[in-house]
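Student: I'd like a close look at one part of this protein. Please keep it brisk, and explain each term as you go.

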Amino acid sequence: MSKVAVVTENRSDVTVYSDFFTDFSRNAVTGQLNKKTNAEAVKQSVRNLLLTDKLERLYQPSVGAGLRALLFENATPFTQMQVQSYINEAIRNHEPRAKLISTELEFKNDQHTAEIVVTFAIINIEDPVTFTIGLERTR
């Protein structure tokens, strides 16, 4: 095998992105914090970003999507466009590792909830990622 083939070998198990679990759990054997890698790390980051309200983080008032403020609005096409706009803005401004592909929104008026399906591509990773976030009104 030539030196060029070794250097340019494609490996799918390479860790590009990593992040800690949000509960800061530790590995039972090593005692180190458990890590999420690649797609799971970016997915966790996007989920946290979308579930964060603006002004919620100290010293970073612009971080967050502010989706909870729209839960008490009437479920109209305008509200749906507004939610998609908030998601697009939050990912574009605060998550440079992800590029939004699509968002789908379904309001369930009788249950006072909304389900958001987010699909995005991760920089340097080929496969797109899709996950669902459920938001519900609390009184």
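How many residues lie between strand 3 and strand 4 in their hairpin, and which residue in the turn has a positive phi?

Tutor: Four notes of caution can be packed into two sentences. This is a predicted model, so local features need pLDDT of at least 70, side-chain atom pairs count only at pLDDT 80 or more, and totals for chains, interfaces and linings use all residues. Residues are numbered from 1 along each chain as its sequence is written, and side-chain values use heavy atoms, with hydrogens and water left out.

Now your hairpin. Strand 3 and strand 4 have 4 residues between them. His-112 sits in that turn, with a positive phi of about 55 degrees. Helices (H or I, at least four residues) and strands (E, at least two) are DSSP runs, numbered from the N terminus. Strand 3 covers residues 98-108. Strand 4 covers residues 113-122.

The two strands run antiparallel, and 10 bridges join them. Strands pair if DSSP finds at least two bridges between them. Take two examples. Ala-98 faces Ile-122 in strand 4. Thr-103 faces Val-118 in strand 4.

Stay with Thr-103, which lies in strand 3. Its relative accessibility is 14%, so Thr-103 counts as buried. Buried means under 20% relative accessible area, exposed over 50%, and partly exposed in between (1.4 Å probe, protein chains only). Set aside neighbours within four places in sequence, and Thr-103 is in contact (heavy atoms within 4.5 Å) with Gln-84, Ile-87, Val-117 and Val-118. Ile-87 is 16 residues away along the chain, and the two C-alpha atoms are separated by 8.1 Å.

Next, strand 4. Of its 10 residues, 7 are buried, so the strand is mostly covered. Its other hairpin is with strand 5, and 6 residues lie between those two strands. Asn-124 in that turn has a positive phi of about 75 degrees. Strand 5 (residues 129-136) pairs with strand 4 in the antiparallel sense over 8 bridges. Glu-115, for instance, has Gly-134 in strand 5 as its bridge partner.

Put the strands together. They make an open sheet of 3 strands in the order 3-4-5, with antiparallel pairing. Strand 3 and strand 5 stand at the edges with a single partner strand each, so each has one side without a neighbour in the sheet. From one strand to the next, the twist averages 20 degrees.

Helices lie across these strands. Angles run from 0 to 180 degrees between N-to-C directions, and axes are lines fitted to C-alpha atoms, for helices over the stretch in contact. Helix 3 lies across strand 3 and strand 4, at about 150 degrees to strand 3. Helix 2 lies across strand 3, strand 4 and strand 5, at about 30 degrees to strand 5.

The helices also meet each other. The axes of helix 2 (residues 39-51) and helix 3 (residues 77-94) come within 10 Å and cross at roughly 125 degrees. That makes helix 2 oblique to helix 3. Under 35 degrees is roughly parallel, over 145 roughly antiparallel, 65 to 115 roughly perpendicular, and the rest oblique. Helix 2 brings Val-46, Leu-49 and Leu-50 to the contact, while helix 3 brings Ile-87, Ala-90, Ile-91 and His-94. Ile-87 also touches Thr-103 of your hairpin.

Last, the wider setting. The protein has 3 helices and 5 strands, in the pattern α-β-β-α-α-β-β-β. Of its 139 residues, 28% are buried.
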